[in-house]
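Trainee: I would like to go through this model step by step. Please keep the answers plain.

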Amino acid sequence: MTAEGLEKARPYQNVAELDRVDEDESIPLESLSHLTGFPVDFIKKELLITTPECSLKELRKLMVSYLQSNIDLINSSQE
């Protein structure tokens, strides 16, 4: 994450605000926590995030990876 990305990070209070977020704009995990109801530490642990914010583009990649790994885990346990 660049210093520029860190400067652009701002809190979001509702989901509608995210409709106007640029792909490379940083989203504070605190805002994501507020919007989803999941604690920041849980989000960091599950998505393997080490920084206090993440770009929307990176967040999407991390979420797809998380979902795919859980699908794979479920599928392997059913075999």
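The questions below go from the whole chain to single residues.

Trainee: In what order do the elements of the protein chain run from the N terminus on?

Mentor: Keep in mind that this is a predicted model. The protein chain has 4 helices and 2 strands. From the N terminus on, these elements run α-β-α-α-β-α.

Trainee: What percentage of the residues of the protein chain count as buried?

Mentor: A residue counts as buried when its relative accessible area is under 20%. The protein chain has 79 residues, and the share that meets this cut-off is 28%.

Trainee: How much of the area that the protein chain exposes do carbon and sulfur atoms supply?

Mentor: The protein chain exposes about 5,700 Å². Of this area, the part supplied by carbon and sulfur atoms is 57%.

Trainee: Which element gives the most residues to the largest nonpolar core?

Mentor: In soluble globular proteins, nonpolar side chains tend to be buried together. Here the largest nonpolar core has 9 residues: Leu 29, Leu 32, Val 40, Ile 43, Leu 47, Ile 49, Cys 54, Leu 59 and Leu 62. Two or more of them come from each of α2 (29-36), α3 (40-47) and α4 (56-77). The element that gives the most, with 3 residues, is α3.

Trainee: Which residues does Leu 32 touch, not counting residues up to four places away in sequence?

Mentor: Leu 32 is itself one of the residues of the largest nonpolar core. Leaving out residues up to four places away in sequence, Leu 32 touches Ile 43 and Leu 59.

Trainee: Is α2 roughly parallel or roughly perpendicular to α3?

Mentor: The axes of α2 and α3 come within 9 Å and cross at roughly 105°. Angles of 65 to 115 degrees count as roughly perpendicular. Therefore α2 lies, relative to α3, roughly perpendicular.

Trainee: How many nonpolar, polar and charged residues does the contact of α2 with α3 have?

Mentor: On the α2 side, the contact is made by Leu 29, Glu 30, Leu 32, Ser 33 and Thr 36, and on the α3 side by Val 40, Ile 43 and Lys 44. Sorted by class, the contact has 4 nonpolar, 2 polar and 2 charged residues.

Trainee: Which value is phi of Leu 48 near?

Mentor: Leu 48 is found in the loop between α3 and β2 (53-55). Leu 48 is exposed, with a relative accessible area of 71%. Most residues other than glycine have a negative phi. In Leu 48, however, phi is positive, near 60°.

Technical notes. Residues numbered from 1 in each chain as written. Predicted model: local features only at pLDDT ≥ 70, side-chain atom pairs only at ≥ 80, totals over all residues. Heavy atoms only, no water. Buried < 20%, exposed > 50% of the residue type's maximum accessible area, 1.4 Å probe, protein only. Areas by Shrake-Rupley, 256 points an atom, 1.4 Å probe, with all protein chains shown as cover. Core = buried A, V, L, I, M, F, W, Y, C linked by side-chain atoms within 4.5 Å. Contact = heavy atoms within 4.5 Å. Axes fitted to C-alpha atoms, helices over the stretch in contact; angles between N-to-C directions. Parallel < 35°, antiparallel > 145°, perpendicular 65-115°, else oblique. Nonpolar A, V, L, I, M, F, W, Y, C, P; charged D, E, K, R; others polar.
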